[in-house]
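Me: I'd like to talk through the fold of this one with you. Can we take the sheets in turn and then the helix?

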Amino acid sequence: MKGFTFQTTRQIVSEPGASAQIGALMKGLGAARALIVTDAGIVKAKLLDAALASLRAAGVAHEIYTDVVADPPEAMVLAAVEAGRRFGADGVLGFGGGSSMDTAKLVAFLLKSEQTLGEIYGIGFCKGWRLPLVLVPTTAGTGSEVTPISIVTTGASEKKGVVSPQLLPDVAVLDADLTLGLPRHVTAATGIDAMVHAIEAFTSRHKKNPMSDTLAKEALRLLAGNIRAACFDGGNREARAGMLLGAMLAGMAFTNAPVAAVHALAYPVGGHFHVPHGLSNSLVMTHVMRFNAPAAAAMYAELAPIVFPKIGGATDAAKAEAMIDGLAALIAEIGLETKLAQVGISHNHVPMLAEDAMKQTRLLVNNPREVAYADAVRIYEAAL
Ligand SMILES: NC(=O)c1ccc[n+]([C@@H]2O[C@H](COP(=O)([O-])OP(=O)(O)OC[C@H]3O[C@@H](n4cnc5c(N)ncnc54)[C@H](O)[C@@H]3O)[C@@H](O)[C@H]2O)c1
Ligand SMILES: [Fe+2]
């Protein structure tokens, strides 16, 4: 057996209503002044109320930074750091989707560090430690609560990652009740993102290992089994809990067996056309999988009955194809756009997208099949 390493968040509290424990958790980490990093949608949906009451009850002073925007731009991250500095924060609570959690992770690190944001892009450049950090996901989702990754939009459209163990929080709090009101389109897009995390972890070229495989399979079982109910019956607590747990397990899997070409081709779509992260993944997912199938058929065939228990197919290739067809049908059924043209992308944009996708070398090295520029062009053309 090949050797491997595994890292994840060291404490996870998973229970409906668990956000009422946040004050005690923050205090337990030694924080007396917490900066809450979130976005306006979360505040408007009143999702913070229990957390705020618990902070008051625990005697933890707090200030709310509500200006997180999707696909965190550099300037916004720095503004959040400045808000924390002005407040004298000694702890950070990231509360929301991947955008809020990714921002919170960087704020917790940069408030304590002498390093600048520009110095920490890439893998393993953070030095020293960060402030106490609790993360609470409200989408299911990025799995950011268990990943050492923050994704930032630099310049107009490029996405860069900071990947360092310091970005894993002290505690992840999974409160599925927070996701009960997540709108259908966001539920669908973020749910597909999580499924992509599990699939790409399972086929990850160099770091796939027995733990990431186990987590990816269980993640897919939960996500595929609950995504329809979560979309069509949003108040279904069991389905919501299954999605939140599945997204976290997928996050654990891809932290240790990184994602690949679906994400590499999705990032330029999100960056140039302001398409939400989950939707941009969904738009290219099945096309990348069809491209990967010659190299990944056996692995896809192993996942196929987990995603679709009644799936047929006599050979690995047939099972892989049936799974990819099934995923395409699922994406349409849950109401997501299915073609790049529906988000304003035409044939003329393909060379630019393919050029940008080729820059995502951090991700492309993990793909089960090598992707050249001409392949990226063909995949985008198929997705139009
Ligand atoms: N760190 C990682 O490992 C990782 C992995 C994948 C993606 N990402 C990043 O995460 C970001 C995407 O995160 P996301 O998909 O969670 O979306 P998001 O955080 O951008 O949120 C999307 C929208 O959903 C709303 N929302 C969130 N929860 C809600 C709820 N419970 N009820 C009502 N509205 C709610 C928010 O207000 C926001 O308007 C991107 O920047 C992406 O690059 C990070
Ligand atoms: Fe993702």
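**Sheets and a helix**

Reply: Bearing in mind that this is a predicted model, 3 strands form an open sheet in the order 5-8-7, and the pairing in that sheet is mixed.

Me: Which strands stand at the edges there?

Reply: Strand 5 (122-123) and strand 7 (149-154) do, and since each has a single partner strand, one side of each is left without a neighbour in the sheet.

Me: How many bridges join strand 5 to strand 8?

Reply: There are 2 bridges between strand 5 and strand 8 (residues 158-163), which run parallel, and within this pairing G122 stands opposite V162 of strand 8.

Me: OK, other sheet. What's the strand order?

Reply: That open sheet is formed by 6 strands in the order 1-9-6-4-2-3, with parallel pairing; its edge strands are strand 1 (11-14) and strand 3 (61-65), each of which pairs on one side only. On average, neighbouring strands of this sheet are turned by 20 degrees against each other, direction ignored.

Me: And what joins strand 2 to strand 3?

Reply: Strand 2 (residues 33-37) runs parallel to strand 3 and is joined to it by 5 bridges, with I36 standing opposite I64 in strand 3.

Me: Now helix 5: which strands does it lie across?

Reply: Helix 5 lies across strand 2, strand 4 (91-96) and strand 6 (133-137), and it runs at about 170 degrees to strand 4.

Me: Is helix 5 mostly covered or exposed?

Reply: Helix 5 is mostly covered, with 13 of its 13 residues buried. Spanning residues 98-110, helix 5 reaches 18 Å from its first C-alpha to its last, close to the 18 Å expected at 1.5 Å a residue.

Definitions and conventions
Residues are numbered from 1 along each chain as its sequence is written. Chains are lettered from A and ligands numbered from 1 in the order in which they are written. This is a predicted model: local features need pLDDT of at least 70, side-chain atom pairs count only at pLDDT 80 or more; totals for chains, interfaces and linings use all residues. Helices (H or I, at least four residues) and strands (E, at least two) are DSSP runs, numbered from the N terminus. The expected span of a helix is 1.5 Å times one less than its number of residues. A residue is buried if 20 or more other C-beta atoms lie within 10 Å of its own, exposed if 12 or fewer, and partly exposed in between; C-beta atoms are placed from the backbone. Two strands pair if DSSP finds at least two bridges between them. Axes are lines fitted to C-alpha atoms, for helices over the stretch in contact, and angles run from 0 to 180 degrees between N-to-C directions. Two residues are in contact if their C-beta atoms, placed from the backbone, lie within 7 Å.
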